Amino acid sequence: MRLVQGNEAVALAAVHAGCNFYSGYPITPATEIMEMMARQMPKTGGVFIQMEDEIGSIAAAIGAAWGGAKAMTATSGPGFSLMQENIGYACMTQTPVVIVDSQRGGPSTGLPTLPAQGEVMQARYGTHGDHEVIVLTASSVVEAYRMTVEAFNLAETYRLPVILLLDAVLSHMRENVEFPDVPVRQRQKPIFDENFLPFGPDAPFVPFGSGHHTVVTGMSHDETGLPKALAGQAVQRILQGVAERMRQDAREITFYREVSLDDADIVLLTFGITARAAREAVGLLRADGLKAGLLDIQTLWPFPDWLVQEKTANARGILVPELNLGQYVMPVRATIAGRCPVEALGRMDGELFTPEALVDAAKKLAASVEIGGVAHD
Amino acid sequence: MTKPGVDLTPYLRQEMMPTVWCPGCGHGIIARSIATALMELGLDMDLVAIVGGIGCSGRAPFYFDANSMHTTHGRALAYATGLKMVNPGLTVIVPMGDGDAAAIGGNHLIHAARRNIDITAIIFNNSIYGMTGGQGAPTSPVDSRSTTSPLGSIEPAFDMVELALAAGATYVARTTTFDFQEMPKLITGAIRHHGFSLVEVLSQCPTYYGRLNKLGEAPDMLLYERDRTKLLEAFGPAPEITREEMVGQMPIGLFRDAERPEYIDQYHGLVARAGGGK
Ligand SMILES: Cc1ncc(C[n+]2csc(CCOP(=O)(O)OP(=O)(O)O)c2C)c(N)n1
Ligand code: SF4
Ligand SMILES: [Mg+2]
């Protein structure tokens, strides 16, 4: 057991996951990840570089991935915005890379030291053109550790950029933790022959220098990597293949936690730091006689519609509190499709929800759907 | 130039031929010079990476039978930096457009030069944005015409050599597509050089720059390149030359070939000190 900061946990987890390249540009509240990596990488024989900006940081990380590294970069809102074009390049070129975004108040410079969850949609759709990404989040230091390792594992499995969304509170929070031994997906030495298709279905990631003269391009291309005729159809086929694989594996790649969902009338559906207050709120609501439960989703994207369906099958109301003006509530509403009310509760003033605020909102929702036995105050 | 009959095809990716470049475009002459340099150096193409940006010049990586990367506009040097650092055994060559290098990617250029990372940047400088149809570039001379400076450019042009020298590049050269015999020598030297090398090649875009500035066909533009440049003492140290002397007399040749600690060597020293050596 020792006292560890959220950002420190991310850096330690990255090293555990085999990260051997870190590029970044300082920004609150993510800077400590970079400072830790500046010490860790030289010690472990990895590479650390402070780039000239976040565009360079993500570009260098993708270049390093093609050089054979497990690469990571970390930033916050302003830097995450700068990275978007090149995140799309990683999607298009099926490059495994991990991007950490510790969310702070926005838009623009916003509230540099205060928490937010404003990049839920940007993480999913921020780059131009449609694409697949995996987005994870966490609500405790130990979870930040676990999700960082999983981010590297998923990036390897699906050859995709994986984004880990933290927030200013989690990044800077210290908790007493015992790090779990999260298994690491090791990269195998790729085997290929002259018919090898570097972008074929399930093709292993073959870095530069392995002997195959791969062409890597952000232009639409087919399984050979070349931007040939009908590349539009080819890239649709390739990216839909990735999406289909993730859909088939949905149960393995969707991380979540639940509290008292079995008989819950009111479900609090949360993610990231908000789950902490929600857990307490569920206890308070139960003590007041309201059957509340918590679904804390850690794999935000691809959206686990099946999970939301299953876990809220008997719910009579769903409350989605988030530190923005209502982002994740959108796919939840689309999935529930009117089966029960889905209530958004948003704030973007740099403050966290208190358990009491969530209790109030849950009780109001319960009253609106005429769930009895609630003490109204 | 390579003697007639010298076969460069082993260095080129046949399945991508013909190139997208217009007839008479200078970019093909530069690509040929790069292939010639690769041949002269006898490099194993398994260990050569060509990392380009976006533009007509940015297509160059497609035409080499190497580890080829066609990145995003202006960012090629940042990609190349990550690639080279984790895989220093690769020879990394970065063909860039002048828009790529001097406008959107200017920041990466000066920082790669400052770090003195062992990468060879080759700027295909046609003084214009070719790919997007002839817009002005930070390298377009004052008074030159482009679709976005139809009345003539009022901005002074960047001198890429001065920029690279000031930023700390340790091998800096300029040549033109007219000087096709010197070009492979300068590129060979740049690749061989241990540190950040920059070779600026004044290239012709007959389709846009030539047409908009009434410079004639490609052969006329080659003569124009000849006439607006002046050879430095061939491949010697850079002489003192004032800005005024340069007008209409743009110096070409090798401006710097110097030693300074290379970035990845420095980083490996740091790793050794930290005890992280494998
Ligand atoms: C971020 C971004 N902005 C703009 C473009 C559009 N664009 C493509 S190539 C290019 C300029 C090309 O000029 P240059 O770099 O000089 O290369 P050339 O085509 O002349 O060889 C531009 C502006 C782009 N692809 N990406
Ligand atoms: S547009 Fe200009 S730079 Fe582009 S290929 Fe044609 S001649 Fe070359
Ligand atoms: Mg140009």
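Author: Before we start: donors here are N, O and S atoms within 2.8 Å of the metal, and water is not among the atoms, so sites may look incomplete. Also keep in mind that this is a predicted model.

Reader: OK, what spacing do the donors of the magnesium ion (ligand 3) follow along the chain?

Author: Start with who they are: Asp98(B) gives OD, Asn126(B) gives OD1 and Ile128(B) gives its O. These protein donors lie 2.1 Å from the ion, inside the 2.8 Å cut-off. Read along the chain, the spacing is D-x27-N-x1-I.

Reader: How many residues apart in sequence are the parts that Asp98(B) and Ile128(B) tie together?

Author: Asp98(B) sits in helix H3 (residues 98-104) of chain B, while Ile128(B) is in the loop between strand S4 (120-125) and helix H5 (160-167), so the pair links parts of the chain that are apart in sequence by 30 residues.
As for their surroundings, Asp98(B) and Ile128(B) are both buried. The separation you asked for is 30 residues.

Reader: Moving to the interface, which three residues supply the most of the area that chain A buries against chain B?

Author: First the overall picture: 41 residues of chain A are in contact with 40 of chain B. About 3,200 Å² is buried between the two chains, with carbon and sulfur atoms giving 62% of that. On chain A's side, 22% of the buried area comes from a trio that beats any other three residues: Glu52(A), Phe208(A) and His213(A).

Reader: And which residue of chain B forms a salt bridge with Glu52(A)?

Author: Across the interface of chain A and chain B the rule finds 1 salt bridge. In the pair involving Glu52(A), the closest N and O atoms are 2.7 Å apart, within the 4 Å cut-off. The partner is Arg115(B).

Reader: Which element gives the largest share of the side of chain A that touches chain B?

Author: Several elements of chain A each supply at least two residues to that side, including helix H2 (31-44), helix H4 (77-92) and strand S10 (215-217). By class, the side has 21 nonpolar, 16 polar and 4 charged residues. The largest share is 8 residues, and it comes from H3(A).

Reader: Back on chain B, how many of the 10 residues of helix H4 (residues 106-115) are buried?

Author: Among the buried ones are Gly106(B), His108(B), Leu109(B) and His111(B). Arg115(B), the salt-bridge partner of Glu52(A), is on the buried list too. Just after the helix comes Asn116(B), with a positive phi near 60°. H4(B) is largely enclosed by the rest of the structure, because the number of its residues that are buried is 7 of the 10.

Methods:
Residues are numbered from 1 along each chain as its sequence is written. Chains are lettered from A and ligands numbered from 1 in the order in which they are written. This is a predicted model: local features need pLDDT of at least 70, side-chain atom pairs count only at pLDDT 80 or more; totals for chains, interfaces and linings use all residues. Side-chain values use heavy atoms; hydrogens and water are left out. Donors are N, O and S atoms within 2.8 Å of the metal (3.2 Å for Na, K and Ca); water is not among the atoms, so sites may look incomplete. Helices (H or I, at least four residues) and strands (E, at least two) are DSSP runs, numbered from the N terminus. Buried means under 20% relative accessible area, exposed over 50%, partly exposed in between (1.4 Å probe, protein chains only). Contact means heavy atoms within 4.5 Å. Buried area is the accessible area (1.4 Å probe) that two parts lose on being put together, summed over both. A salt bridge is a side-chain nitrogen of Lys or Arg within 4 Å of a carboxyl oxygen of Asp or Glu. Ala, Val, Leu, Ile, Met, Phe, Trp, Tyr, Cys and Pro count as nonpolar, Asp, Glu, Lys and Arg as charged, and the others, Gly among them, as polar.
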